[in-house]
Protein chains: 2
Amino acid sequence: MMWKAVGLSLLAFSFTVEVLSWVRRRNKAKKILNEVIFFPSEMGCVEHLLGPSKLYPCFCALPHGVETSLSRLLRHLLSATSSLDLCVFAFSSIDLCRAVLALHKKGVIIRVLSDKDYIAITGSQIGYLRKAGICVRSDVGSVYMHHKFAVVDESLLITGSLNWTLTAVQGNMENLIVTMEPELVRPFIQEFNRLWEINDPARTLFNSTSA
Amino acid sequence: MMWKAVGLSLLAFSFTVEVLSWVRRRNKAKKILNEVIFFPSEMGCVEHLLGPSKLYPCFCALPHGVETSLSRLLRHLLSATSSLDLCVFAFSSIDLCRAVLALHKKGVIIRVLSDKDYIAITGSQIGYLRKAGICVRSDVGSVYMHHKFAVVDESLLITGSLNWTLTAVQGNMENLIVTMEPELVRPFIQEFNRLWEINDPARTLFNSTSA
């Protein structure tokens, strides 16, 4: 009978260990994505990410098959399956524009908010987005809309110092944080929705008509 | 004897539950700081944070005792006890400069890296920092050093779209992430140290002499 008691205790102890290691495994599996990307980085061809088909290989002079800061950023953007909210001060990077257009073509719901003064800078891609049917709003306030963040599928935040311009992507020293940490993502979603609402042209029109 | 076995099993089960709740409590206690600050926010007096003494209350026209985005940023900066590494594109905010000077006076080791073209903008505070004996370096490259981040005590990262200027702090739509997440903080510490080394004036002098 004593052996039975010892056996049962051992069983309960094994159960403890098993439960603990299961909790540990589950926590590891739930590990939240946190990544930092710095610019400048080496240049590389990104046609394998943006090109129309893998059947047409690219013969440009840039190194092929290298992972760069731009390719890492593009991969995160292109991972969108349902929505992409962009809040960008300036937008003149052709590669980033191609990524957004590709997502739009795939059926991803895209909302773009940009600064009214920088919406028409040289090389601005905003016109191409509008032409493709993407909903773009510009802020109506008198101050700069200086944000440079993107929220992918309402779960992945990309934010930092990097403006979506050619100079920023190819030259400057810049940083980007890519995170799925809910405590960081949630406030940006709320802020985007708030800014999207207050910069609704219909609302502005209504306000100026009623004034 | 059977009751003894049941008793022992119950004891082992209680032990399981106790260990699990301890793990849970420990994880909660270890909760990592993650905060988002948006600008603009309402204005408020920050003299209680920066003023020379609480014996001299401030009589300025700004609201007193309100928590604003600037006061939250200042609190995080002023929490530094050993070191503060600043990597800022432009630095013309008087309040932020006063915070840095106060930390320097307290004995906190401060390193400032700023963009060479923006180091002398109107209202730049860099001169005051240098005059106080704070080590300031500017980048020697031809591109913009566009970062705007601070690392407090090698454990707290403050980064975002906000330049350390009066316009950014008082007017623009801006964001800041404040985090102690090691996966985010560590790369910024490494990048700061890398930039600090490559922009060492002694190194530049040596290189140009030997060229």
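Helices (H or I, at least four residues) and strands (E, at least two) are DSSP runs, numbered from the N terminus. This is a predicted model, in which local features need pLDDT of at least 70, side-chain atom pairs count only at pLDDT 80 or more, and totals for chains, interfaces and linings use all residues. Residues are numbered from 1 along each chain as its sequence is written, chains are lettered from A and ligands numbered from 1 in the order in which they are written, and side-chain values use heavy atoms, with hydrogens and water left out.

**View 1. Helix α4 of chain A and its surroundings.** Helix α4 of chain A runs over residues 94-105. The expected span of a helix is 1.5 Å times one less than its number of residues. For the 12 residues here that gives 16 Å, and the end C-alpha atoms are 16 Å apart, which agrees. Which residues of α4(A) are buried? They are A:L96, A:C97, A:A99, A:V100 and A:L103. Buried means under 20% relative accessible area, exposed over 50%, and partly exposed in between (1.4 Å probe, protein chains only). Seen down the axis of α4(A), the buried residues fall within an arc of 160°, so they line one face of the helix. The arc is that of the directions from the helix axis to the C-beta atoms. Their packing partners in chain A are α2 (47-50), α3 (69-78), β2 (83-88), β3 (109-114), α5 (126-131) and α6 (166-170). Just after the helix, A:G107 takes a positive phi of about 100°.

**View 2. Helix α4 of chain B.** This helix, residues 94-105, has 12 residues. From first C-alpha to last, α4(B) reaches 16 Å, close to the 16 Å expected. Its buried residues are B:L96, B:C97, B:A99, B:V100 and B:L103. They cover an arc of only 160° around the axis, which puts them on the same side of α4(B). Among the elements of chain B that cover them are α3 (69-78) and β3 (109-114). B:G107, just after α4(B), has a positive phi of about 100°.

**View 3. A buried glutamine in a loop of chain A.** A:Q125 sits in the loop between β3 and α5. Its relative accessibility is 8%, so A:Q125 counts as buried. What does A:Q125 touch, not counting residues up to four places away in sequence? Its contacts (heavy atoms within 4.5 Å) are A:F91, A:S92, A:S93, A:I94 and A:C97.

**View 4. The cis peptide bonds before A:P40 and B:P40.** In chain A, the bond from A:F39 to A:P40 is cis, with omega near -5°. A:P40 lies in the loop between β1 (34-39) and α2. In chain B, the bond from B:F39 to B:P40 is cis, with omega near -5°. B:P40 lies in the loop between β1 (34-39) and α2 of chain B.

**View 5. Positive phi at A:E154 and B:E154.** Phi of A:E154 is near 55°, a positive value in a residue other than glycine. A:E154 lies in the loop between β5 (148-152) and β6 (156-160) of chain A. With a relative accessible area of 48%, A:E154 is partly exposed. B:E154 also is not a glycine, yet has a positive phi of about 55°. Its place is in the loop between β5 (148-152) and β6 (156-160) of chain B. B:E154 counts as partly exposed, at 48% relative accessibility.

**View 6. The interface of chain A with chain B.** Here 45 residues of chain A are in contact with 45 residues of chain B. The two chains bury about 3900 Å² between them, 70% of it on carbon and sulfur atoms. A:F38, A:H146 and A:M173 supply 17% of the area that chain A buries against chain B, more than any other three residues. Buried area is the accessible area (1.4 Å probe) that two parts lose on being put together, summed over both.

**View 7. The axis between the two chains.** A turn of 180° and a shift of 0.1 Å along the axis lay chain A on chain B with an RMSD of 0.1 Å. That is the relation of a two-fold axis. The C-alpha of A:A5 is the nearest to the axis in chain A, 2.0 Å from it. The same surface serves both copies: 100% of the contact residues of chain A recur in chain B. Copies are superposed by least squares on the C-alpha atoms of residues with pLDDT of at least 70 in both.
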